[in-house]
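Colleague: I would like to go through the labels in this model and hear the reasoning behind each one. Please put up the sequence and structure.

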Amino acid sequence: MPENRGLTSPYGMAVELENVSMRYGRGEEVLSGVNLALPAGSMTFLTGPSGAGKSSLLRLIYMAARPSRGLISVFGEDLATLPANQKPNLRKRIGVVLQDFSLIDSLSVFENVALPLRVSGVARSVYAPDVMELLDWVGLGHRLHAQPATLSGGEKQRAAIARAVISKPELLIADEPTGNVDPAMGARLIRLLTEMNRMGTSVLIATHDHELIDAQAPVYNLRGGHLERQR
Amino acid sequence: MSAPDITIDAKAAPILPVNSRADRPLFFVLMIMVFLACLSAIAAHASYRAAHHWGADLRASATVQIKPASGQDGVEMQIRTVQIAQTIAGIDSAAAVDDAQARALLRPWLGDVTLPADLPIPHLVELSLSDGEENALNILGQALEAAAIPVDIDDHQRWGADIRRATKAVQITASLALILLVGGAAAVAGFATQSGMSARRIIIDVLEQVGAAPHYIARLFVIRFGKLGLMAGAAGALGAAIMALLFWLMTGRGRAAMMPSFTLDKTDMAILIIAPVFAAIICAVAAGLTALSSLKSEAQ
């Protein structure tokens, strides 16, 4: 059973994992019997050393990988039985920031950030002001037309975060979101994520930077594929 | 927060990058295929047109050969044959082939030599027939038999059948070539889509991550390869048009003696215009089906 059932939300669960295990091919299990419940509107931190399986756990939640065992539900939808044609709609409700940023090299910063809205069919005249305003806020207002290859690591990270939050997702998953930025920008980005959480977005952040962790938020530690709640 | 005063393009940039270096081999293969397909179609159409004209000419004419008969003068029989033929309904005209013309007919087989004066040259009468008057030759045969003139009447049907057979063979060959080229183009486009998807895996992953449905992603490949097919098709059709023009010039502007007259008519122009569109459709459909099938199987 999920471990943090004590956390209740009037809006139900954003994510639930029940006895989830995962392995790549025929290798060792990278996750083993993981139970996790993230109430809607919660902000949760996931810590653990490199190679502990944090990214794999996040990949399961945003449907980039499948578990070898166990049940995963997102917004109450069981991913194992969810029809394939429903997955894109579910993904639109999730914003993802990855360690490698996953920016499209051939598109400008503006086009990269606008991508979720463009895919959702929002008119360019509607999304353009929002994208420019957000890029301005994350300090990339002067880099709208820059190609990702010309950005620094920190700029790429900010662009990736902007892309993840532009569509105001219900769930935001961030894998080491401040790994490449200076402390001041790191704090600014965490403030953005906290602000989104205050507006109702469930936030799950994987990090090994303990200074970023909100003192009030629940923290889970992943070690050797096993998940334990720290507080 | 205030929006900066920086303008953006009114039109969104294409999500799939135009990678001319990676797409170049596909462009050339498609161009060659459309070039060959256009030439096949134009050749098939030209052969059909030539066969149609030859067939019509043959059906509208017949040749009467007067057999030698002891005690009868060949020239006199020839004159009488013309006179009898001119009285029969369905025969528009009858003309005796004179000795010089008859000797000229032997030249292709015997060469440009002086023929002996005593060489028995057949006495011939050329007939022009009205359309739909096939029975006129039977009536003529009966009339000449009654007049005791021994003849062979050649209605040219043997040649007509040969032409029809040859035309059919050319058309079947051209049709098979077209089918193979269409299938080949579809297979090439499908293969290129697969490799294009592999090369653009990161983009596809990002698109899936932000909630793009398989048909949205497939549509990007449809547009990409549809455009490529159109451009390659246009280049191939242009090449075929230039080749056809060269052929027209080389064959004496369509007036070569033994060759069918070759010109580019409206149908040929339509082939050249439709071919690039058809290539674009084949590429787009093949790319869309391949991408959709691949994305759906990944999602299973």
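**Helix packing and the chain interface**

Modeller: α3(A) passes α5(A) in a right-handed crossing. Keep in mind that this is a predicted model.

Colleague: What makes α3(A) and α5(A) roughly parallel to each other?

Modeller: Take the angle. α3(A) and helix α5 (residues 153–165) of chain A pack at about 30°, with their axes 7 Å apart. Angles under 35 degrees count as roughly parallel. Therefore α3(A) and α5(A) are roughly parallel to each other.

Colleague: Which residues make the contact between α3(A) and α5(A)?

Modeller: From α3(A) come A:V109, A:N112, A:V113, A:L115 and A:P116. From α5(A) come A:A159, A:A162 and A:R163. By class, that contact has 6 nonpolar, 1 polar and 1 charged residues.

Colleague: Now chain B. Why is α5(B) called oblique to α8(B)?

Modeller: Helix α5 (residues 157–199) of chain B and helix α8 (residues 266–299) of chain B pack at an angle of about 45°, with their axes 8 Å apart. Roughly parallel needs an angle under 35 degrees, and roughly perpendicular runs from 65 to 115. The angle of about 45° fits neither, so α5(B) is oblique to α8(B). α5(B) passes α8(B) in a right-handed crossing.

Colleague: What residue classes does the contact of α5(B) with α8(B) have?

Modeller: There are 11 nonpolar, 5 polar and no charged residues. On α5(B), the residues include B:A185, B:A189 and B:G190. On α8(B), they include B:I282, B:A286 and B:S294.

Colleague: How do you know that chain A is as compact as a globular protein of its length?

Modeller: Start with the make-up: chain A has 6 helices and 10 strands. Its radius of gyration is 17 Å, and the globule rule gives 17 Å for 231 residues, so chain A is as compact as a globular protein of that length. The C-alpha atoms of chain A fill a box of roughly 50 × 40 × 40 Å along the principal axes.

Colleague: How much of chain A is buried?

Modeller: Buried residues make up 46% of the 231. The cut-off is 20 or more other C-beta atoms within 10 Å. Of the contacts in chain A with a separation of 6 or more, 69% join residues 24 or more positions apart.

Colleague: What makes up the side of chain A that touches chain B?

Modeller: 30 residues of chain A are in contact with 24 residues of chain B. α2 (87–91), α3 (109–119) and α4 (124–137) of chain A each give two or more residues to that side. α4(A) gives the most, with 7 residues. The side divides into 16 nonpolar, 6 polar and 8 charged residues.

Note on methods: Residues are numbered from 1 along each chain as its sequence is written. Chains are lettered from A and ligands numbered from 1 in the order in which they are written. This is a predicted model: local features need pLDDT of at least 70, side-chain atom pairs count only at pLDDT 80 or more; totals for chains, interfaces and linings use all residues. Helices (H or I, at least four residues) and strands (E, at least two) are DSSP runs, numbered from the N terminus. The radius of gyration is taken over C-alpha atoms; the globule rule is 2.2 Å times the number of residues to the power 0.38. A residue is buried if 20 or more other C-beta atoms lie within 10 Å of its own, exposed if 12 or fewer, and partly exposed in between; C-beta atoms are placed from the backbone. Two residues are in contact if their C-beta atoms, placed from the backbone, lie within 7 Å. Ala, Val, Leu, Ile, Met, Phe, Trp, Tyr, Cys and Pro count as nonpolar, Asp, Glu, Lys and Arg as charged, and the others, Gly among them, as polar. Axes are lines fitted to C-alpha atoms, for helices over the stretch in contact, and angles run from 0 to 180 degrees between N-to-C directions. Angles under 35 degrees count as roughly parallel, over 145 as roughly antiparallel, 65 to 115 as roughly perpendicular and the rest as oblique. A crossing is left-handed if the near helix is turned anticlockwise from the far one by less than a right angle, and right-handed if clockwise.
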